[in-house]
Amino acid sequence: QVQLVESGGGLVQPGGSLRLSCAVSGSTFFSIYTMGWHRQAPGKQRELVAAITSGGSTNYADSVKGRFTISRDNAKKTVDLQMNSLQPEDTAVYYCKLGPPGGYYSVLYWGQGTQVTVSS
């Protein structure tokens with residue numbers, strides 16, 4: 001059974017940084033899958049934040065380009081999201097996802113989510 005476990009969320013002041021990490025277990029062929037992060041703010045739909053394919057191609061939401069960086073370690077079966085220059089509008093629950101090979105938006109499995117709150 002595939003499981004995704006996120007860590008690294010918390011409370012940060014505007015302009016600060018956080019690093020989210022997602023560890024995947026139960027997946028034999030981790031390296032072939034697209035990995036990514038979505039987020040959902042209260043009252044809003046879940047949206048793609050960033051995704052990375054097996055070949056290392058990345059896709060970012062316009063709102064986070066230049067501030068967030070996604071990376072993966074196939075040996076460790078982890079995917080990280082480095083978030084810099086955080087703003088209050090980045091406040092949301094962030095979900096790690098494992099998606100089918102190719103593309104950025106589809107989802108096979110979700111993590112349980114981790115709260116990120118940006119506030120002074």
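**Reading Arg 67 and the nonpolar core**

Tutor: We start with a polar contact: in this predicted model, the side chain of Arg 67 reaches the backbone oxygen of Ser 85 at 2.9 Å.

Student: Where in the fold is Arg 67 placed?

Tutor: Arg 67 sits in the loop between strand S6 (58-60) and S7. Its partner, Ser 85, belongs to the loop between S8 and S9.

Student: Why does Arg 67 count as buried or exposed?

Tutor: The general idea is a cut-off on relative accessible area, with buried meaning under 20%. Arg 67 has 16%, and therefore counts as buried. Leaving out residues up to four places away in sequence, Arg 67 touches Gln 82, Met 83, Asn 84, Ser 85, Leu 86, Gln 87 and Asp 90.

Student: Which backbone feature does Ser 85 show?

Tutor: Ser 85 has a positive phi of about 50°, although it is not a glycine. Ser 85 is partly exposed at 35% relative accessible area. Lys 77, in the loop between S7 and S8, also has a positive phi, of about 60°, and is not a glycine. At 26% relative accessibility, Lys 77 is partly exposed.

Student: Which members of the largest nonpolar core touch the most other members?

Tutor: Among its 29 residues, they are Met 35, Trp 37, Leu 81, Met 83 and Tyr 94. Elements giving two or more residues to this core include strand S4 (34-40), strand S8 (78-83) and strand S9 (92-99). Beyond its neighbours within four places in sequence, Tyr 94 contacts several residues, among them Trp 37, Leu 81 and Met 83.

Conventions. Residues are numbered from 1 along each chain as its sequence is written. This is a predicted model: local features need pLDDT of at least 70, side-chain atom pairs count only at pLDDT 80 or more; totals for chains, interfaces and linings use all residues. Side-chain values use heavy atoms; hydrogens and water are left out. A nonpolar core is a set of buried Ala, Val, Leu, Ile, Met, Phe, Trp, Tyr and Cys residues joined through side-chain atoms within 4.5 Å. Buried means under 20% relative accessible area, exposed over 50%, partly exposed in between (1.4 Å probe, protein chains only). Helices (H or I, at least four residues) and strands (E, at least two) are DSSP runs, numbered from the N terminus. Contact means heavy atoms within 4.5 Å. A polar contact is a pair of N or O atoms within 3.5 Å; within protein, one must be able to donate a hydrogen and the other to accept it, and residues adjacent in sequence count only if both atoms are side-chain atoms.
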